[in-house]
Amino acid sequence: MSPPLILAIPSKGRLKDQTEAWLADAGLTLRSQGGARGYSAAVDGFDGLEVRLASAADISASLAVGEVHLGITGEDLLREIGDIEQRARLLLALGFGRADLVVAAPRGWIDVEVMADVDDVAHDILARTGRRLRIATKYPNQTRAFFAAHGIADYRIVDSGGATEGGPAAGLAELIVDISTTGATLAANGLKILSDGLILASQARLAASVAAAWDPAQLSLAQRLLAVIEARARGRTVASLIWPKAQDRAARAALAAFSHPAKSERANGALIERADLFAATGALAAAGVGPVSVTQPIYVFEAASAAGERLAAAVRKSA
């Protein structure tokens with residue numbers, strides 16, 4: 001019997017709630033194993049899938065070392081792994097858990113608005129004090145890469161430990177690099193985001209570990225899971241039109257500019273992008289086609305899962 005395919009998801013907070021709601025919307029409702037405080041779950045229809053609940057940071061670490069096959073966590077944490085392409089693949093952007101990883105400076109630094117100004121300040125601090133500009137952060141890898149891209153070298157990283165945004169006020173650092181959703185917490189701590197200080201527009205991601213041991217059964221199950229997730233996402237973006245069979249030729253001529261690109265025509269019907277729905281039904285009406293019924297598909301499955309194929313390619317490459 002094949003070992004289980006392990007999917008790790010957040011165990012607490014808003015990201016946990018959003019992840020569980022997203023899974024449920026795709027028809028993947030979790031069934032807790034071990035009571036209300038259990039840290040594992042199953043999904044009906046996916047025998048062999050084990051869902052583990054862990055902190056968002058632990059999920060990224062587990063993906064990096066291959067302790068889990070799939071994981072849902074913030075892109076900011078995944079990219080902090082370092083050399084991410086050698087350890088994991090970011091398969092799907094999930095559209096929730098959005099936050100920006102940014103560079104922030106004290107609001108009182110009125111002459112510091114862009115990264116080039118930071119370089120000037122760093123040189124000035126080094127010349128006057130003999131020490132380097134201090135940057136408090138929990139994201140040292142992404143901070144170093146971003147500052148290197150801007151040609152800034154005269155600084156040192158300070159492990160923020162607790163609340164990063166309090167570093168400048170406490171005299172522990174001059175600048176910070178941290179996650180921000182609205183900027184309100186930064187502003188409350190007397191900080192401002194530099195105009196070109198966006199390091200990463202992060203969101204929740206479904207990622208796969210290429211460091212994990214994958215057998216054919218686990219890969220097949222993962223591809224089936226990804227196909228369901230993609231089909232649900234596709235179903236949200238299209239509408240299904242049905243017209244009288246006798247008017248099929250006229251309807252197809254009227255909809256020539258609107259048909260969904262993925263070979264979506266079917267007997268006296270078609271899938272239409274929702275953005276085109278009213279224009280398409282107007283074109284049908286102008287062609288005298290009717291009545292036309294419109295339904296919203298729950299799932300739209302393609303012959304193959306794009307994410308599943310990317311996963312299979314990554315697994316083969318790492319084998």
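**Figure 1. Pairing of β3 and β4 in the predicted model.** Ser 40 has Arg 52 of β4 as its bridge partner. Strand β3 (residues 40–43) and β4 run antiparallel and are joined by two bridges. The two strands form a hairpin with five residues between them. In the turn, Gly 45 has a positive phi of about 90°.

**Figure 2. The two faces of β4.** In a regular strand, side chains alternate between the two faces of the sheet. On β4, Leu 49, Val 51 and Leu 53 make up the covered face. Glu 50, Arg 52 and Ala 54 make up the uncovered face.

**Figure 3. Parallel partners of β1.** β1 runs parallel to β4, and six bridges join the two. Among the residues involved, Pro 10 has Ala 54 of β4 as its bridge partner. Strand β1 (residues 5–10) also pairs in the parallel sense with strand β5 (residues 70–74), over two bridges. There, the bridge partner of Leu 7 is Leu 70 in β5.

**Figure 4. The seven-stranded sheet and helices lying across it.** The sheet is open and mixed in pairing, with the strand order β2-β3-β4-β1-β5-β12-β6. β2 (30–33) and β6 (88–93) are the edge strands, each pairing on one side only. On average, neighbouring strands of this sheet are turned by 30° against each other, direction ignored. Helix α1 (residues 13–25) lies across β1, β2, β4 (49–54), β5 and β12 (204–209), and runs at about 130° to β1. α10 lies across β6 and β12, running at about 175° to β6.

**Figure 5. The five-stranded sheet and helix α4.** This open sheet has the strand order β9-β8-β10-β7-β11, and its pairing is mixed. β9 (155–159) and β11 (191–202) stand at the edges with a single partner strand each, so one side of each has no neighbour in the sheet. Neighbouring strands are turned by 25° against each other on average, direction ignored. Strand β8 (residues 133–137) and strand β10 (residues 175–180) run parallel and are joined by three bridges. Ile 135 has Leu 175 of β10 as its bridge partner. Helix α4 (residues 115–129) lies across β7 (99–106), β8, β10 and β11, at about 125° to β8.

**Figure 6. A nonpolar patch on the surface.** The patch is formed by Ile 298, Tyr 299 and Phe 301, which together have about 300 Å² of accessible area. Phe 301 is placed in the loop between β15 (293–295) and α10 (306–318).

Methods
Residues are numbered from 1 along each chain as its sequence is written. This is a predicted model: local features need pLDDT of at least 70, side-chain atom pairs count only at pLDDT 80 or more; totals for chains, interfaces and linings use all residues. Side-chain values use heavy atoms; hydrogens and water are left out. Patches are made of residues with over 30% relative accessible area and no salt bridge: like charges are joined within 9 Å, nonpolar side chains (Val, Leu, Ile, Met, Phe, Trp, Tyr) within 5 Å. Accessible areas come from the Shrake-Rupley method with a 1.4 Å probe; for residues, only the protein chains shown count as cover. A salt bridge is a side-chain nitrogen of Lys or Arg within 4 Å of a carboxyl oxygen of Asp or Glu. Helices (H or I, at least four residues) and strands (E, at least two) are DSSP runs, numbered from the N terminus. Two strands pair if DSSP finds at least two bridges between them. Axes are lines fitted to C-alpha atoms, for helices over the stretch in contact, and angles run from 0 to 180 degrees between N-to-C directions. Contact means heavy atoms within 4.5 Å. Buried means under 20% relative accessible area, exposed over 50%, partly exposed in between (1.4 Å probe, protein chains only).
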